[in-house]
Amino acid sequence: EYHLFYQYNPHGCDWASMHWGHAKSQDLLHWEHLPLALAPDKTYDKHPEGGVFSGSAIEKDGRLYLFYTGSVPGRENPQTQNMAYSDDGVHFTKYENNPVIPKNPLPNASEHFRDPKVFLHQGVYYMVVGCCQGDIEADGDGKVLLFESADLRSWRFKSILFSSAGRYG
């Protein structure tokens with residue numbers, strides 16, 4: 001069974017209060033729409049101009065985990081990495097100790113810290129997250145950060161995987 005999660009605003013066509021829609025398919029041609037997977041309803045993701053931004057999913061021991069960016073513009077750390085889980089693949093519960101990564105660990109970090117991709121490699125879970133260090137409108141330096149975890153709950157910053165060095169935005 002294939003699951004598709006997508007970021008959208010169920011209240012209109014403009015960028016506001018982003019949610020995660022959810023659909024599943026047996027053949028990638030015919031899709032069944034399911035209830036909303038994630039809605040912005042917590043202090044770390046509820047904002048009319050923010051919400052539940054993009055991320056990824058991973059299965060562990062029969063449980064489906066979603067990792068996503070919670071966005072609340074105007075805060076000191078406006079974008080955080082969060083987790084939700086489901087035992088039936090349809091109804092999701094946000095982790096009670098969110099955010100799992102509360103802020104960009106780099107000095108002089110901009111508000112842009114988002115889009116977690118989680119994967120398993122040789123028994124260790126890894127998460128890559130895109131960010132910007134410095135002023136994104138001027139000389140901001142795009143980076144891809146690497147975090148690691150043994151249990152999908154506690155994450156540790158490991159390294160910078162890529163830095164644009166001011167060349168690629």
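**Exercise 1.** How many helices and how many strands are there in the chain?

*Solution.* Start with the source: this is a predicted model. Next, count the elements. The chain has 0 helices and 11 strands. Then read along the sequence. The pattern is β-β-β-β-β-β-β-β-β-β-β.

**Exercise 2.** Work out why the radius of gyration of the chain agrees with a compact globule.

*Solution.* Take the length: 169 residues. A compact globule with that many residues would have a radius of gyration near 15 Å. The chain has 16 Å, so the two agree. Now add the extents. The C-alpha trace spans about 45 × 40 × 30 Å along its principal axes. Burial comes next: 45% of the 169 residues count as buried.

**Exercise 3.** Describe the largest nonpolar core and find which strands supply it.

*Solution.* First, the members. This core holds 18 residues, and Phe67, Met127, Phe147, Leu152 and Trp155 touch the most other members. Second, the strands. At least two residues come from each of β5 (63-71), β8 (109-121), β9 (124-133) and β10 (141-149). The largest share is that of β9, with 4 residues. Third, the general rule: nonpolar side chains tend to be buried together in soluble globular proteins.

**Exercise 4.** List the contacts of Leu152, leaving aside neighbours within four places in sequence.

*Solution.* Leu152 is in contact with Ile58, Lys60, Tyr65, Phe67, Met83, Val118 and Tyr125. Then look beyond this core. A second, separate core has 11 residues, including Leu38, Tyr44, Leu66 and Tyr68.

**Exercise 5.** Compile the charges of the chain.

*Solution.* Count 15 positive and 21 negative side chains. Then locate the centres of the two sets: they lie 6 Å apart.

Methods. Residues are numbered from 1 along each chain as its sequence is written. This is a predicted model: local features need pLDDT of at least 70, side-chain atom pairs count only at pLDDT 80 or more; totals for chains, interfaces and linings use all residues. Side-chain values use heavy atoms; hydrogens and water are left out. The radius of gyration is taken over C-alpha atoms; the globule rule is 2.2 Å times the number of residues to the power 0.38. Buried means under 20% relative accessible area, exposed over 50%, partly exposed in between (1.4 Å probe, protein chains only). Lys and Arg count as positive and Asp and Glu as negative; His and the chain ends are not counted. The place of a charge is taken as NZ of Lys, CZ of Arg, CG of Asp or CD of Glu. A nonpolar core is a set of buried Ala, Val, Leu, Ile, Met, Phe, Trp, Tyr and Cys residues joined through side-chain atoms within 4.5 Å. Contact means heavy atoms within 4.5 Å.
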